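Biologist: Hi! I'm new to this one, could you walk me through it?
Modeller: Happy to. Let's put it on the screen and start with the ligand.

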Amino acid sequence: MTHGIFITLEGGEGAGKTTQQSLLAKALRAKGLEVLATREPGGSPGAEDIRRLLVEGEVERWTPMSETLLLLAARNDHLARTILPALEKGTCVVCDRFSDSTIAYQGGGMELGADMVRELSGPVVGEMAPDLTLILDIEVEAGLQRAETRVNGEAENHIQRYERMDKEFHERMRQCFLDIAAQEPGRCVIIDAAQEMDKVHGDIMAAVNEKLGARLP
Ligand code: TMP
């Protein structure tokens, strides 16, 4: 039985999820909630090790199936060691990416198929679903451009593996996120991530208040 609120942020490259995650966590703490901000792939020591296998190296490094299984291994560890214990304590968990990313990136982008990803995910996530999923949507070209600027800004010496995948990959992935939002309007809200940072945060808080207002202090 879980008690804490579970919120996930989803979207393509350069959508600004990480910035919005910290703004959201701060706003929820200001309301008096205990908040844990975490991410996928990662969020536990083992899952952070697996993350490096995924975000570094050649684009063709993994088959879609082996990549999905790595992501699910990381998710299993993250759930068992970080997310579920926090939710059980009543902590609100705000996670940068979760299951929808696997459906969109591996199911859509890498063309393994959304149904196959859902089937493989079954034993790992079970009935566990976020209370709210914020899908930060931005046009592919604009998002990739932002991601590139961010890498240069941070003087990182490599562009992440997923940012090097072709435009068609990113278009399929974006469409997949939009399909998920259409299929699950109760859980998902699409946020226009092309707007100014403050406006995006405002839209996120409006969605949180609308969908979760009754559970907030
Ligand atoms: P980040 O850039 O949002 O930190 O995420 C790292 C990369 O991992 C991102 O480019 C998308 C990718 N990813 C997947 O392909 N499938 C998944 O299930 C998850 C969680 C992330």
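**Around the ligand**

Modeller: This is a predicted model. The ligand has 15 residues around it, and those that come nearest are Glu13, Arg51, Arg97, Thr102 and Gln106.

Biologist: Nice. How far is the polar side-chain atom of Thr102 from an oxygen atom of the ligand?
Modeller: That distance is 2.6 Å. Arg97 also has a side-chain N or O atom 2.7 Å from a ligand oxygen, and for Lys17 the corresponding distance is 2.9 Å.

Biologist: And how much of the ligand does the protein bury?
Modeller: The protein buries 95% of the 480 Å² that the ligand exposes when taken alone.

Biologist: What sort of residues make up that shell?
Modeller: It's a mix: 6 are charged, 5 are nonpolar and 4 are polar.

Biologist: Which helices supply at least two residues each?
Modeller: Those are α2 (45-55), α3 (64-88) and α4 (99-109). The largest share comes from α4, with 4 residues of the shell.

Biologist: OK, on to packing. What is the angle between α2 and α3?
Modeller: They pack at about 160°, and their axes are 8 Å apart. Angles over 145 degrees count as roughly antiparallel, so α2 is roughly antiparallel to α3.

Biologist: Left-handed or right-handed, that crossing of α2 and α3?
Modeller: Left-handed, where α2 passes α3.

Biologist: Now α4, how does it pack with α7?
Modeller: Helix α7 covers residues 167-183, and its axis is 8 Å from that of α4, at an angle of about 135°. The two helices are therefore oblique to each other. Their crossing is right-handed.

Biologist: Changing topic, what about the backbone? Where is the cis peptide bond?
Modeller: It joins Glu40 and Pro41, with omega at about -10°. Pro41 sits in the loop between β2 (35-39) and α2, and α2 is one of the helices that supply residues to the ligand shell.

Biologist: You mentioned Arg97 earlier. What is its phi near?
Modeller: Phi of Arg97 is near 80°, a positive value in a residue other than glycine.

Biologist: Why point out those two spots?
Modeller: Because most residues other than glycine have a negative phi, and most peptide bonds are trans.

Biologist: Got it. And where does Arg97 lie along the chain?
Modeller: Arg97 is in the loop between β3 (92-96) and α4. So you can look at two things at once there: Arg97 has that positive phi, and its side chain has an N or O atom 2.7 Å from an oxygen of the ligand.

Definitions and conventions: Residues numbered from 1 in each chain as written. Predicted model: local features only at pLDDT ≥ 70, side-chain atom pairs only at ≥ 80, totals over all residues. Heavy atoms only, no water. Near = heavy atom within 4 Å. Polar contact = N/O pair within 3.5 Å; in protein donor to acceptor, adjacent residues only side chain to side chain. Areas by Shrake-Rupley, 256 points an atom, 1.4 Å probe, with all protein chains shown as cover. Nonpolar A, V, L, I, M, F, W, Y, C, P; charged D, E, K, R; others polar. Axes fitted to C-alpha atoms, helices over the stretch in contact; angles between N-to-C directions. Parallel < 35°, antiparallel > 145°, perpendicular 65-115°, else oblique. Left-handed = near helix turned anticlockwise from the far one by under 90°.
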